[in-house]
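Dear colleague,

Please find below the structure for your review. My notes on its metal sites follow directly after it.

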Amino acid sequence: IAKQVAPGSHVFFSQEMADEIQERLTIANALQQALQNNELELYFQPQQRVADNQLTGVEALLRWLPEGKAPIPPGIFIPIAEETSLICDIGSWVLRQACVRFDAWQALPNRPERMSVNISARHFHGPDFISQLSLLIHQYPSCRHRLTLEVTEGVFLENLHDSRSRMAHIKALGVNISIDDFGTGYSSFAYLRELPVDELKLDRAFIQYVAERPQDKAIISCLLELARTLNMEVVAEGVETPAQLATLSELNCGIYQGYLRARPMCEDDLIAWLKHL
Ligand code: C2E
Ligand code: MG
Ligand code: MG
Ligand code: MG
């Protein structure tokens, strides 16, 4: 780092920064091992219709469960993986595993109709992404028209042109596209005109005070209207209270997901949960 700085200028490179970098490297190495040692697992969180609680799908959420140690949350390890191509290896594993599990559920009673998978920008824009997806859809035809890719707005802002052509390929494979954490980035609405987006996921930040704050309710109401006009589905994330759900119902929000009804679960727990629907 010091070499890139003009001579005579000061470089602030503290011990904390060095420790932080070391810590991230350690986690990245352990994560690489974890992928090889099968310490990664998909959990699944149900998504339900606001109007009648009917199950519409599940979101796959990655868990790192190191042998004999406390689980490491994705909020910690995903951003570290995203700094390198490790996120492509992890993302490929997640995508394949999601298809394999979904395909295995075909005979289950009350099985979810859809599977949503989070995709990082680097993986999405990577050289193999479309061919990987295409291979999976051909290997697991039960996933066609059943798979939704959740991407954040940042994916498009970096490279709108590449995004447009990739999304055309994705749509042609019969895979849906959802914008995750909608409304939290430095977003412009322009890309919504240009890209074949199927679904908006309203970030938990908007849902949290929807029952108490008229401002938040007004914003959600507008986003729902926008989505209706553009023919997009809306999923409210992070619904924790009956009051939040009641407000979403009043606003005619389509789908919700949150601790109120179900936390992310391992596959066995999900299968048990489905039996009680
Ligand atoms: P996300 O995709 O926005 O997922 C929603 C997060 O909110 C999940 O956290 C979920 O467990 C949590 N959540 C769901 N309902 C509630 C609720 O009612 N209250 C609260 N407080 N939280 C709720 P999680 O599983 O820790 O994942 C965090 C983030 O890590 C995800 O945010 C996503 O950005 C990323 N992530 C998780 N799995 C993957 C993956 O397989 N690939 C990639 N690229 N990213 C992933
Ligand atoms: Mg998500
Ligand atoms: Mg989200
Ligand atoms: Mg998020």
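Donors are taken here as N, O and S atoms within 2.8 Å of the metal, and since water is not among the atoms, sites may look incomplete. The model is a predicted one.

With that definition, Asp 180 bridges the magnesium ion (ligand 2) and the magnesium ion (ligand 3), which are 4.0 Å apart.

The magnesium ion (ligand 2) has as its donors Glu 59 (OE), Asn 118 (OD1), Glu 150 (OE) and Asp 180 (OD), at 2.0 to 2.2 Å. Along the chain, these donors show the spacing E-x58-N-x31-E-x29-D. Glu 59 belongs to strand 2 (residues 55-64) and Asn 118 to strand 3 (residues 115-118), so this pair ties together parts that are 59 residues apart in sequence. Glu 59 counts as buried because its relative accessibility is 4%, under the 20% limit. Asn 118, at 31% relative accessibility, counts as partly exposed.

Turning to the magnesium ion (ligand 3), its protein donors are Asp 180 (OD), Asp 181 (OD) and Glu 237, the last of these listed with two OE entries, and they lie 1.9 to 2.6 Å from the ion. Their spacing along the chain is D-D-x55-E. Distant parts of the chain are linked by Asp 180, in strand 5 (residues 176-182), and Glu 237, in the loop between strand 7 (233-236) and helix 11 (242-250); the two residues are 57 residues apart. Asp 180 and Glu 237 are both buried.

With kind regards

How values were computed:
Residues are numbered from 1 along each chain as its sequence is written. Chains are lettered from A and ligands numbered from 1 in the order in which they are written. This is a predicted model: local features need pLDDT of at least 70, side-chain atom pairs count only at pLDDT 80 or more; totals for chains, interfaces and linings use all residues. Side-chain values use heavy atoms; hydrogens and water are left out. Donors are N, O and S atoms within 2.8 Å of the metal (3.2 Å for Na, K and Ca); water is not among the atoms, so sites may look incomplete. Helices (H or I, at least four residues) and strands (E, at least two) are DSSP runs, numbered from the N terminus. Buried means under 20% relative accessible area, exposed over 50%, partly exposed in between (1.4 Å probe, protein chains only).
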